[in-house]
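User: Hello! I would like to go through this structure with you and ask how each label was earned.

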Amino acid sequence: MEQLNFTLNSENLENLKNFSEILKKDMSTIMNEALEEYFINQQKKLLEKNLEDENAMTNLDYDEFWDGVDL
């Protein structure tokens, strides 16, 4: 397991300490759970954005798409 150094603002650090006591979980567990949820939410947002972008490129209905095409 790789170890990283990072800085938390005072509010997040205080919340981390408080919830660690309340939930009886160590701070590493809480951080890992929070990051897992963050990454899931970000992935959902990216997928939704990709779908929106794809739909924006293909927003023509059948008649609009084929209008003026002679077969």
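Analyst: Happy to help; let us begin with a term: contact means heavy atoms within 4.5 Å. By that cut-off S20 touches K25, D26, M27 and I30, with residues up to four places away in sequence not counted. As background, this is a predicted model, in which local features need pLDDT of at least 70 and side-chain atom pairs count only at pLDDT 80 or more, while totals for chains, interfaces and linings use all residues. Residues are numbered from 1 along each chain as its sequence is written, and side-chain values use heavy atoms, with hydrogens and water left out.

User: Why does S20 count as buried?

Analyst: Buried means under 20% relative accessible area, exposed means over 50%, and partly exposed is in between (1.4 Å probe, protein chains only). S20 has 15% relative accessibility, so S20 counts as buried. This serine is found in helix 1, residues 10-23. Over the whole protein chain, buried residues make up 4% of the 71 residues.

User: What makes S10 exposed?

Analyst: S10 has a relative accessible area of 63%, and therefore it is exposed. S10 is found in helix 1 too. From S10 to Q42 the C-alpha distance is 24 Å, with their positions 32 residues apart in sequence.

User: How many helices and strands are there in the protein chain, and how is a helix defined?

Analyst: Helices (H or I, at least four residues) and strands (E, at least two) are DSSP runs, numbered from the N terminus. The protein chain has three helices and zero strands, and its elements run α-α-α from the N terminus on.

User: Why is the chain called more spread out than a compact globule?

Analyst: The radius of gyration is taken over C-alpha atoms, and the globule rule is 2.2 Å times the number of residues to the power 0.38. For 71 residues that rule gives 11 Å, whereas the protein chain has 23 Å, well over it, so the chain is more spread out than a compact globule. Along the principal axes, the C-alpha atoms fill a box of roughly 70 × 25 × 20 Å. One pair of residues to look at is D61 and L4: they are 57 residues apart in sequence and 51 Å apart in space, C-alpha to C-alpha. D61 is found in the loop between helix 2 and helix 3.

User: What makes K25 and E33 a salt bridge?

Analyst: A salt bridge needs a side-chain nitrogen of Lys or Arg within 4 Å of a carboxyl oxygen of Asp or Glu. The side chains of K25 and E33 meet at 2.9 Å, N to O, so this pair fits the definition. A search of the whole structure finds one salt bridge. K25 counts as partly exposed because its relative accessibility is 30%, and E33 counts as partly exposed because its value is 36%.

User: What is notable about phi of K24?

Analyst: Phi of K24 is near 55°, a positive value in a residue other than glycine. Most residues other than glycine have a negative phi. K24 sits in the loop between helix 1 and helix 2 (27-57), and at a relative accessible area of 72% it is exposed.

User: How do you know that Y38 and F39 form an edge-to-face pair?

Analyst: Rings of Phe, Tyr and Trp (its six-membered ring) pair if their centres lie within 6.5 Å; planes under 30 degrees apart count as stacked, over 60 as edge-to-face and the rest as tilted. The structure holds one aromatic pair. Its members, Y38 and F39, are 5.6 Å apart centre to centre with 70° between the planes, which makes the pair edge-to-face. Y38 counts as partly exposed because its relative accessibility is 45%, whereas F39, at 52%, counts as exposed.

User: What makes Y62, F65, W66 and V69 a nonpolar patch?

Analyst: Patches are made of residues with over 30% relative accessible area and no salt bridge: like charges are joined within 9 Å, nonpolar side chains (Val, Leu, Ile, Met, Phe, Trp, Tyr) within 5 Å. Y62, F65, W66 and V69 form such a patch on the surface, with about 470 Å² of accessible area together; these areas come from the Shrake-Rupley method with a 1.4 Å probe, and for residues only the protein chains shown count as cover. V69, for one, has 41% relative accessibility and so counts as partly exposed. V69 lies in the segment after helix 3 (62-66).
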